[in-house]
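Colleague: Please take a close look at a single part of this model, and then place that part in the setting of the whole chain. I would like the cut-offs behind each term stated as you go.

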Amino acid sequence: MPKSLYVDPAKTLAPGKITFEDIPVNVYNKTIEDEKANFSDADFIRIFRDIAVLREFETMLSLVKTQGSYNGINIEYPGPAHLSLGQEAAAVGEAYLLDIDDFIFGSHRSHSEILAKSLSAIYKLSDDELMKIMESFKDGKVLRTVEKMSKPDSVKELAIQFILYGTLTEVFARENGLQNGMGGSMHAFFLPFGVYPNNAIVGGSACISTGAALYKKCNKKKGIVVCNSGDGSLGCGPVWEALNFASMEQFTKLWEDGKNGGMPIIFNFFNNSYGMGGQTRGETMAYDMLARIGAGISPTQLHAERVNGFNPLAVIDVYRRKKQLVENGEGPVLLDVLTYRFSGHSTSDQNAYRSKEEIDAWKEIDPIVTYRKALTDAGIAPDASFEDILNETKDRMTRICSWAADTEVSPYADFDADPYFVEKTMFSNQKVVKFDDREPEALTAKEDCPTYKKIKDKIRTATFDGKPTPKLRMYNIRDALSETILDKFYEDPTMISYGEDVRDWGGAYAVYRGMSESIPYSRLFNAPISESAIVSSGVGYAICGGRALIEIMYADFIGRAGDEIFNQLSKWQSMSAGILKMPVVVRVSVGSKYGAQHSQDWTSLCAHIPGLKVCFPATPWEAKGLMRSALNGTDPVIFFESQRIYDKGEEFREGGVPEEDYEITIGDTNVVKTGDDITIITVGATLYKAVDAAKELSEKYGMNAEIINLHSLVPLDYTKIVESVKKTGKVVLASDACARGSFLNDVARNITELCFDYLDAPPAVVGAQNWITPPHEFDAKFFPQASWILDAINEKIIPLKGHVPTVSFTPVEQMRKAKLGV
């Protein structure tokens with residue numbers, strides 16, 4: 001789209017060929033003697049110790065899961081245990097050169113990555129730094145427990161016990177866990193050591209990691225990001241979206257000086273040859289060698305390399321080289337790290353898909369044996385010293401397991417004493433106007449932005465001097481959104497916004513039009529057609545401390561980001577026990593005119609998912625105040641906008657839309673018309689159908705309707721609703737969502753329970769037909785009309801004298817539709 005990138009037909013159609021560079025495969029061939037220039041004897045031994053610590057942790061979990069005991073400690077643990085027995089050397093090699101400014105993200109099989117990165121951090125941090133971290137984490141609760149149970153001889157040993165205990169109690173779902181036991185085995189993390197969330201969804205960390213790298217890039221933060229995933233994850237679309245998103249050419253060709261250059265991320269695939277039970281090479285994948293993938297993503301081939309992960313020194317060597325590339329702005333990088341898991345996918349796996357001979361062959365080259373022998377042969381230390389390390393490691397793990405198993409020392413969260421334990425972490429409900437005090441980067445002053453100039457002199461009411469305000473002069477819903485977003489760009493330096501065609505095009509519905517003149521590329525940019533990457537990168541960006549405003553062009557495309565919205569965006573605040581915040585606003589446009597795959601109202605889908613706030617403004621006053629609240633907040637907001645009403649001016653608010661900033665509390669309701677005879681509750685564009693219906697009720701039937709618009713679906717304060725229904729005794733609810741499964745059915749149920757003694761009839765719900773959305777020419781047959789609202793009132797609530805129904809709301813019709821599933 002940018003005019004600076006001229007698509008030259010002569011060059012585009014010129015003959016030629018695409019060439020590739022060789023991708024290195026297992027090229028490391030150094031001996032211990034060769035590596036003495038890079039490692040001291042103590043370094044070599046520490047690498048072995050770290051491998052041993054990881055191995056014993058996984059061995060302990062394996063025994064707990066399969067036998068219910070470890071070294072005489074009996075414990076029942078019913079949760080998941082996806083073990084990385086055999087993969088420890090690769091994790092230790094990866095973590096060796098990383099520091100706390102380098103962030104790692106992982107998968108469901110990431111215990112070893114958590115511990116390896118933590119052990120690396122413990123070695124690099126001073127005693128004072130370690131004590132400060134442990135004292136401040138959860139007000140020192142975890143530290144106090146470890147200190148009470150043990151008297152280690154050094155701060156570093158104390159820190160090792162701290163992270164082992166915190167991780168294990170998290171696995172065991174105990175309150176002393178890193179996330180109070182709410183994350184568990186597959187979601188544990190520890191931010192102070194640069195260990196960021198692991199993910200139970202295969203490939204789920206790919207786009208989140210990309211967002212973390214985006215945060216570092218956009219905010220000039222130190223360090224790199226490592227995305228850990230398995231070879232099986234390359235069967236997942238979001239992983240490919242992440243690889244492409246992280247490699248977009250605009251980073252080097254279009255972004256401004258100081259922000260241009262490649263993304264600071266390494267995609268590290270721990271390739272153990274299996275995706276659960278499916279063998280990737282030769283069966284479920286097409287790549288033959290995973291590293292080949294890099295050649296299909298970018299001209300740099302992602303600097304791809306295939307490395308022997310059974311040799312920790314080989315992994316350290318490749319990280320030494322690739323980390324420097326990434327730090328120099330030449331990322332991203334793809335690493336195919338060969339390893340093998342001796343255990344099954346999980347402890348219930350019987351290994352029916354592979355032979356004992358294969359497992360035994362890999363065990364013969366187990367790094368804990370071969371690396372030990374190499375060190376002994378090179379004279380680094382006598383073999384007995386390694387046996388001592390193994391014994392010390394086992395003794396430590398036994399003590400920590402005994403503490404974690406003891407419910408007196410490590411209790412579960414007490415849901416009886418605090419039934420709101422989880423509820424309190426679903427939303428953070430904080431107001432943070434800006435996440436950094438630095439000056440926001442912009443190309444011009446706000447007052448010189450074309451968007452600002454276009455809006456500033458508009459008339460902020462739908463009528464002016466008793467006449468309808470001319471369309472070109474009227475401040476509308478689009479302007480309300482644009483004004484608020486532009487203000488936030490100049491207020492919060494961490495805020496970035498992206499989606500499909502948001503820059504030069506101005507967004508599909510012109511909300512960003514004119515902003516590209518004033519907002520640099522690094523803060524407002526076009527994303528690929530990759531809804532999964534768009535949403536999930538926003539998650540990663542927010543986890544790291546920034547604010548993301550992202551756009552999904554149509555509500556129908558929510559399905560392309562289903563996991564990212566429903567499993568990632570919504571859950572991380574609570575799975576982290578409130579440690580993480582999620583200041584992400586997802587703008588979603590509800591379509592019109594474009595048929596079955598571009599015109600659906602999916603508000604009910606989002607309202608069903610715990611952890612999401614859901615807004616749907618229908619007036620300019622609502623749009624400005626709600627967007628302001630969403631962009632000042634710390635919670636994920638799905639912000640629906642109707643294409644039918646972007647041009648609507650403010651028809652209901654006396655005085656129109658204020659020029660100054662204001663917030664509308666998300667969860668409040670908007671009484672747009674008062675009345676005494678019946679309550680009409682609306683969501684979205686049906687507000688305007690309800691206004692027409694209320695007019696007809698008044699003129700033809702002498703009924704004065706009260707109209708309440710639900711600009712917020714989640715949360716929802718029922719105070720005004722209950723007051724209205726108690727006053728009128730009658731209520732009809734209408735939205736453009738299909739009637740079956742509509743959020744309004746939930747509202748109707750709550751009204752029935754809260755106002756039962758005041759109701760003259762059950763609430764009536766009016767929604768779209770339970771069909772595909774037909775072409776625009778048939779809108780009146782599919783979406784609720786003013787006449788449908790009257791039909792529902794006439795049939796279900798109170799007969800309207802002389803009314804001739806246009807659609808049937810009779811019980812017979814209701815049962816017929818339910819029986820047919822329509």
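Modeller: The account below starts with one helix, α14, and then moves outward to the chain and to a few other places in it.

This is a predicted model, in which local features need pLDDT of at least 70, side-chain atom pairs count only at pLDDT 80 or more, and totals for chains, interfaces and linings use all residues. Residues are numbered from 1 along each chain as its sequence is written, and side-chain values use heavy atoms, with hydrogens and water left out.

Helix α14 covers residues 312-327. Helices (H or I, at least four residues) and strands (E, at least two) are DSSP runs, numbered from the N terminus. The expected span of a helix is 1.5 Å times one less than its number of residues. For the 16 residues of α14 this gives 22 Å, and the end C-alpha atoms are 22 Å apart, so the two values agree.

The helix is mostly covered, with 12 of its 16 residues buried; buried means under 20% relative accessible area, exposed means over 50%, and partly exposed lies in between (1.4 Å probe, protein chains only). Among the buried residues are Leu 313, Val 315, Ile 316, Val 318, Leu 325 and Val 326. Asp 317, Lys 322 and Lys 323 are buried as well.

Both ends of the helix have features to note. At its start, a side-chain oxygen of Asn 311 comes within 3.0 Å of the backbone nitrogen of Leu 313. This is a polar contact, that is, a pair of N or O atoms within 3.5 Å; within protein, one must be able to donate a hydrogen and the other to accept it, and residues adjacent in sequence count only if both atoms are side-chain atoms. Just after α14, Gly 329 has a positive phi of about 80°. The peptide bond from Gly 331 to Pro 332 is cis, with omega near 0°, and Pro 332 belongs to the loop between α14 and β10 (333-338).

Strand β6 (residues 265-271) holds Phe 269. Its contacts (heavy atoms within 4.5 Å) include Leu 334, Leu 335, Asp 336 and Val 337, not counting residues up to four places away in sequence. Ser 229, Leu 234, Val 239 and Leu 290 are also among the residues that Phe 269 touches. Phe 269 counts as buried because its relative accessibility is 2%. By contrast with these contacts, the C-alpha atoms of Phe 269 and Ser 724, 455 residues apart along the chain, are separated by 58 Å.

The chain as a whole has 30 helices and 24 strands. Its radius of gyration, taken over C-alpha atoms, is 30 Å, close to the 28 Å given by the globule rule for 822 residues, so the chain is as compact as a globular protein of that length. That rule is 2.2 Å times the number of residues to the power 0.38. The C-alpha atoms fill a box of roughly 100 × 70 × 50 Å along the principal axes, and 60% of the residues count as buried. Of the contacts with a separation of 6 or more, 77% join residues 24 or more positions apart.

The chain is divided into domain 1 (32-115 + 194-394), domain 2 (446-642) and domain 3 (670-820), with bounds from an automatic or database domain assignment. The centres of domain 1 and domain 2, taken over C-alpha atoms, are 36 Å apart. Their contact takes 25 residues from domain 1 and 30 residues from domain 2.

A second helix and a loop complete the account. Helix α20 (residues 531-543) has 13 of its 13 residues buried, so the rest of the structure largely encloses it. Gly 545, which follows α20, has a positive phi near 125°. In the loop between α8 (155-171) and β4 (195-198), Gln 179 is buried, with a relative accessible area of 0%. Gln 179 touches, among others, Glu 170, His 187, Met 575 and Ile 579. Asn 180 lies in that loop too and has a positive phi of about 60° although it is not a glycine.
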